[in-house]
Amino acid sequence: MVGLKPSDVPPTTAVKFLGAGTAACFADLLTFPLDTAKVRLQIQGENQAAQAARGVQYRGVVGTILTMIRTEGLRSPYNGLVAGLHRQMSFASIRIGLYDSVKQIYTPKGADHSSIATRILAGCTTGAMAVTCAQPTDVVKIRFQASVALGPGSDRKYSGTMDAYRTIAREEGLRGLWKGTFPNITRNAIVNCAEMVTYDIIKEKLLDYRLLTDNFPCHFVSAFGAGFCATVVASPVDVVKTRYMNSPPGQYRSPLDCMLKLVVREGPTALYKGFTPSFLRLGSWNVTMFVTYEQMQRALMKVQMLRESPF
């Protein structure tokens, strides 16, 4: 047995909400350079003239991170981290922390298990709710990750995270902060379904067939499977979302226009640009987040039970 044992009392919604946001922030701290590398690879080829002027060419995950460190400094892989943490505290708390509660709402009374359709519906619901609330943080995060901070080809526009929120709202209006909401809802509904439903089902089957107990090995296998499924189904939408949210006003008429121009100019394989860092990031992020999330729920429930205990 590894880690804390499951509590006899099911975790409350508040515990899940707080635990999910905190666990997601911890996972982001460990995997953020992979996410930044993914964004740089996804936008590569979008503005070839500016890229040629900077003399920067990204090749592979490690190569992208090393190039960024060499040309922009050690801190560059963590560009946008503050906005990323803002995003996780609002985004993951809703899409992960509220998943079980929404799933129970959709599950018919008396049913022993939720159906796959019910789980998918719950994943779509919490994913859409989360994006609606957290979209500005995602826009700012991607703007920082995509911008080159140092050197003669610098295109950094914002002095800090709060300045980015203010500048985007002033120059592009409130709609600028919610730019790309539709592709982001699409992407995160897919990701949330792939992650939560896959994790839910794998974990359930591992426990039902007694292949593993409800602890670290079970959580690790379930989270790894969830990360792989999420990467495969969500990469095309993720590339379009990144390109569209990072684009200046007027470059694309709509997310669909962005996708069509991307495919015409760079070919269908461009929809899977940055797949390796996406998988490395989502796989490691899911493992870190779900393992931490499970343990945090148990720890928070133990604290709550100790506080309520009369002795």
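This passage describes one helix contact and the empty spaces in a predicted model.

Two packed helices are described by the angle between their axes and the distance between the axes. In this model, the axes of helix H6 (residues 116–146) and helix H9 (residues 181–208) come within 7 Å and cross at roughly 135 degrees. H6 is therefore oblique to H9, since angles over 145 degrees count as roughly antiparallel and those from 65 to 115 as roughly perpendicular. The crossing of the two helices is right-handed. On the H6 side, the contact includes Ile116, Arg119, Ile120, Gly123, Val131 and Asp138. On the H9 side, the residues include Thr181, Asn184, Ile185, Asn188, Asp200 and Glu204. By class, the residues of this contact are ten nonpolar, nine polar and four charged.

Empty space within the structure was examined next. Rolling a probe the size of a water molecule over the atoms shows where such space is left. The largest pocket holds about 820 Å³ of space. It is lined by 31 residues, of which Lys16, Asp100, Lys103, Asp200 and Lys203 are the closest to its centre. Helix H5 (99–106), H9 and helix H12 (275–308) are the elements that give two or more residues to this lining. The lining of the largest pocket consists of 13 nonpolar, six polar and twelve charged residues. Asp200 of H9, listed among the residues closest to the pocket centre, also belongs to the contact of H9 with H6.

Two cavities of 30 Å³ or more are present in the structure. The largest cavity has about 130 Å³ of space. Its lining has 16 residues, and the closest to the centre are Arg87, Gln88, Arg187, Asn188 and Arg281. At least two residues of the lining come from each of helix H1 (13–43), helix H4 (81–95), H6, H9 and H12. Ten residues of this lining are charged, four are nonpolar and two are polar. Asn188, listed among the residues closest to the centre of this cavity, is also one of the H9 residues that meet H6.

The second largest cavity has a volume of about 60 Å³. Its lining residues include Asp35, Lys38, Ala230, Thr231, Ser278 and Leu282. H1, helix H10 (216–246) and H12 are the elements that give two or more residues to this lining, and H10 gives the most, with five residues. The lining of the second largest cavity divides into five charged, three nonpolar and three polar residues. Arg187 and Arg281 line this cavity and are also listed among the residues closest to the centre of the largest cavity.

Methods
Residues numbered from 1 in each chain as written. Predicted model: local features only at pLDDT ≥ 70, side-chain atom pairs only at ≥ 80, totals over all residues. Heavy atoms only, no water. Axes fitted to C-alpha atoms, helices over the stretch in contact; angles between N-to-C directions. Helix = DSSP H or I, 4+ residues; strand = E, 2+ residues; numbered from the N terminus. Parallel < 35°, antiparallel > 145°, perpendicular 65-115°, else oblique. Left-handed = near helix turned anticlockwise from the far one by under 90°. Contact = heavy atoms within 4.5 Å. Nonpolar A, V, L, I, M, F, W, Y, C, P; charged D, E, K, R; others polar. 1 Å grid on protein atoms, 1.4 Å probe; cavity = no way out; pocket = protein on both sides within 12 Å on 5 of 7 lines; lining within 4 Å. Points joined across faces, edges and corners; volume = space filled by probe spheres on them.
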